[in-house]
Structures are given as structure tokens and as C-alpha cells.
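Reader: Please take one part of this model and go through it closely, the charged side chains around the metal site. I would like the cut-offs stated as you go.

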Amino acid sequence: MGGEEDLPLHGSRGAMRELGAAELQQAIRDEQLVLHYQPQVEMATGLVAGVEALVRWQHPILGLIYPNHFISLAEREGLMGALTRWVIGGVVRQEQLWRDAGMLVSISANISADNITSLTLPEQIAELLADNKLDPTRLTLEVTETALMGELVTSLDILTRLRLKGMGLSIDDFGTGYSSLSQLHRIPFTELKIDLSFVSNMTVDAEARAIVKTCILLGHELNMKVVAEGVEDQRTWDLLLGLGCDVAQGYFMARPMPADEMLEWMRNR
Ligand code: C2E
Ligand code: CA
Ligand code: CA
């Protein structure tokens with residue numbers, strides 16, 4: 001039970017041919033999408049701080065396709081609204097199933113640039129949460145730093161509304177975009193996620209290590225929880241712990257896995 005198997009190149013599987021917009025639209029409608037979950041572990045205690053939901057496409061012919069092969073298609077074709085609604089709906093239903101099984105877990109979901117300019121998004125998410133009686137503070141929305149570079153005024157408004165509704169907000173892939181500190185400060189983020197390119201190199205690359213260290217200091221100064229993604233070995237874990245990082249996520253602890261395996265994994269801990 002190790003979740004997803006080892007891939008030669010992360011996210012390289014699937015999509016041997018062009019995937020089309022109509023096909024993706026149908027996939028969203030026909031429930032061909034599936035969510036896998038990866039645990040986030042609190043470094044100080046070893047407890048599960050939450051899980052991140054990661055979408056996959058169970059294609060009837062091509063098999064399991066990773067998001068790197070269809071997220072940009074969804075963005076290009078205006079399908080991000082529908083995809084995100086499906087993802088949040090799925091997450092909320094899953095949380096209910098886990099809760100029924102006696103497992104209380106916080107969930108993070110990814111949203112994209114398109115979503116944070118959609119004025120209807122905060123209400124839609126709030127409704128999905130209310131329908132399933134999910135406490136909004138148990139949902140964190142992850143937005144990449146690059147997604148923030150678009151229409152900042154609108155996204156600031158929408159992100160603030162989501163935050164006011166109680167949801168957590170995480171700045172994903174931190175260190176790869178160009179957000180200025182003053183911009184960052186204006187958006188009510190609760191969490192900073194250090195990009196895996198820095199984390200996975202920090203044992204061998206002094207500069208990557210310096211960047212990780214600086215991100216942790218910055219996050220803490222701005223009162224954010226700091227998450228390191230891409231933790232692949234014990235040495236990285238040890239370094240991060242020494243630097244005071246709050247939460248770790250990565251293959252060292254567990255790969256993303258289907259919901260039932262996730263439940264087993266949590267029970268076995
Ligand atoms: P992300 O949000 O930065 O997610 C982390 C990615 O790193 C995931 O790839 C995860 O499987 C992978 N990963 C986790 N631990 C490790 C590790 O230790 N080493 C390495 N090398 N990789 C690790 P995945 O699932 O293929 O997702 C790729 C990207 O697709 C995500 O990056 C995210 O930007 C996007 N994505 C995934 N699900 C969704 C979704 O539901 N909605 C949106 N809008 N985007 C999504
Ligand atoms: Ca993410
Ligand atoms: Ca990331």
C-alpha cells in the first residue's frame with residue numbers, strides 16, 4: 001500500500017495524444033476525475049496535520065492521467081470553474097465519509113488563477129461546505145504564487161472573502177513567482193508552502209537551503225504556518241525540523257493515494 005507507484009519523471013504518465021476540451025468537459029460531468037490524497041505531517045509531533053487533494057483523470061482508454069497533462073487545458077478552455085467545483089464537491093463529500101468513519105481531517109485543495117477572479121466562487125464554496133456541514137476552517141485553498149500575478153485587485157477581493165468565510169489560504173509553490181512582499185502582506189494568507197524545487201535540493205545545495213531557511217523565517221514573521229513540500233528523505237526532514245518548519249509533505253512520509261488507502265494509512269499511524 002504505497003499509494004502511487006514510482007514514476008521516472010513526476011507527473012509524466014498518460015496523455016500519449018492530445019486531450020481535447022470536449023473530452024475533459026465530459027470527464028468532469030461523467031465523474032472520470034478522481035481525487036488522491038497526500039498527508040501533511042506536523043513536524044513537532046508527527047501527527048497528521050491534514051491532507052492535500054490532488055486530482056487525477058481516470059481516462060477510459062488512456063488510464064490514469066496526471067494533472068500536469070490537463071490542468072492547463074482546463075485553464076485554456078475555460079473549464080477551471082467546473083473542475084474546481086467538482087474538486088471542492090469531492091473533497092467535501094470525502095471529508096464527510098472520513099468523518100463517518102471516525103476520522104476528523106483537515107483538507108487542502110488547489111484552486112487556479114481563473115478561480116480567483118470569479119466573483120461567484122466564495123459563495124459556491126461556502127454553499128458546498130454548508131451542504132455537508134463542513135467547518136470552513138477545516139478547508140484550506142492553495143493558490144500558486146504565479147496565479148496571483150494576474151488581476152490582483154479582483155483576486156485580493158475574492159481571497160479576502162474566502163478568508164472571511166473562515167477558510168484557510170495557502171500560497172503554493174512559494175519562491176517560484178514574483179510576488180512582492182507588500183503584495184503578499186495584503187493577501188490574508190494563513191500558510192506558506194515552500195516549492196519542492198528548493199526543498200528537494202536542500203541537502204545538496206547550499207543556496208536552496210538558504211532559500212528554504214529564509215522562507216521559514218518570512219512565513220513565521222507574517223504569522224503563517226510553513227509547509228515544506230517534496231520531502232523525500234530523512235536528511236531533508238531533519239534539516240527542516242532544525243530550521244523550525246511546521247509541516248512536511250512528501251514521498252518520505254507518503255505518496256498521494258486513493259481515499260480508502262488514506263483512511264488505512266491514518267489508522268495505521
Ligand atoms: P502542487 O499543488 O504543487 O502539488 C504537489 C505535487 O508534487 C503533486 O503532483 C504531488 O504528487 C507531488 N509530490 C508530492 N510529494 C512529492 C515528493 O516528495 N517529490 C516529488 N518530486 N513530488 C512530490 P501532482 O499530483 O502530479 O500535481 C501536479 C500539480 O497539478 C499540482 O502541484 C497542482 O499545481 C496541480 N493540481 C493538482 N490537483 C489539482 C486540482 O485539483 N486543481 C488544480 N487547479 N490544480 C491541481
Ligand atoms: Ca498544492
Ligand atoms: Ca507546489
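Author: E52, E142, K193 and E229 are linked in a network of salt bridges, where a salt bridge is a side-chain nitrogen of Lys or Arg within 4 Å of a carboxyl oxygen of Asp or Glu. The model is predicted, so local features need a pLDDT of at least 70 and side-chain atom pairs count only at pLDDT 80 or more, while totals for chains, interfaces and linings use all residues; side-chain values use heavy atoms, leaving out hydrogens and water. Residues are numbered from 1 along each chain as its sequence is written, with chains lettered from A and ligands numbered from 1 in the order in which they are written.

Within the network, the side chains of K193 and E52 meet at 2.8 Å, N to O. This pair links distant parts of the chain, with K193 in strand β7 (residues 191–194) and E52 in strand β2, 141 residues apart. Strands (E, at least two residues) and helices (H or I, at least four) are DSSP runs numbered from the N terminus. K193 is buried, with a relative accessible area of 0%, and E52 is buried at 4%. Buried means under 20% relative accessible area, exposed over 50%, and partly exposed in between, with a 1.4 Å probe and protein chains only. E142 is buried too, and E229 is buried with a relative accessible area of 9%.

The acidic members of the network also serve the metals. The calcium ion (ligand 2) has as protein donors E52 (OE), N110 (OD1), E142 (OE) and D172 (OD), which lie 2.1 to 2.4 Å from it. E52 in strand β2 (residues 48–59) and E142 in strand β5 (residues 139–144) are 90 residues apart, so this pair links distant parts of the chain. Donors are N, O and S atoms within 2.8 Å of the metal (3.2 Å for Na, K and Ca), and sites may look incomplete because water is not among the atoms. In sequence the donor residues of ligand 2 are spaced E-x57-N-x31-E-x29-D.

The calcium ion (ligand 3) lies 4.7 Å from the calcium ion (ligand 2), and D172 coordinates both. Ligand 3 is coordinated by D172 (OD), D173 (OD) and E229, which appears twice (OE and OE), at 1.9 to 3.0 Å. With D173 in strand β6 and E229 in strand β8 (residues 225–229), the pair ties together parts that are 56 residues apart in sequence. The donor spacing for ligand 3 reads D-D-x55-E.

D173 has a feature of its own: a positive phi of about 55°, although it is not a glycine. Most residues other than glycine have a negative phi. D173 lies in strand β6 (residues 168–174) and is partly exposed, with a relative accessible area of 23%.

Strand β5, which holds E142, also belongs to the surroundings of a helix. In α4, L121, P122, I125 and L129 are buried. Seen down the axis of α4, its buried residues fall within an arc of 100°, so they line one face of the helix; the arc is that of the directions from the helix axis to the C-beta atoms. The buried residues of α4 pack against α3 (80–100), β4 (107–111), β5 and α5 (152–164), contact meaning heavy atoms within 4.5 Å. A130 and D131 are exposed on the other side of α4. In the loop between α4 (121–131) and β5 is K133, which has a positive phi of about 50° although it is not a glycine. K133 counts as exposed, at 67% relative accessibility.

Outside the network, strand β2 carries another bridge. R56 and E4 meet in a salt bridge at 2.5 Å, N to O. The pair links R56 in strand β2 with E4 in the segment before α1 (21–29), 52 residues apart. R56 and E4 are both buried. By contrast, the bridge of R161 with D157, at 3.2 Å between the closest N and O atoms, is within helix α5, where the two are four residues apart and so separated by about one helical turn. R161 is partly exposed at 32% relative accessibility, as is D157 at 34%. The salt bridge count comes to nine.

On confidence, the protein averages a pLDDT of 92, and 95% of the residues score at least 70. Over residues 7–12 the pLDDT is below 50, and this stretch has eight contacts in the model beyond near neighbours in sequence. pLDDT is the predictor's confidence in each residue, from 0 to 100.
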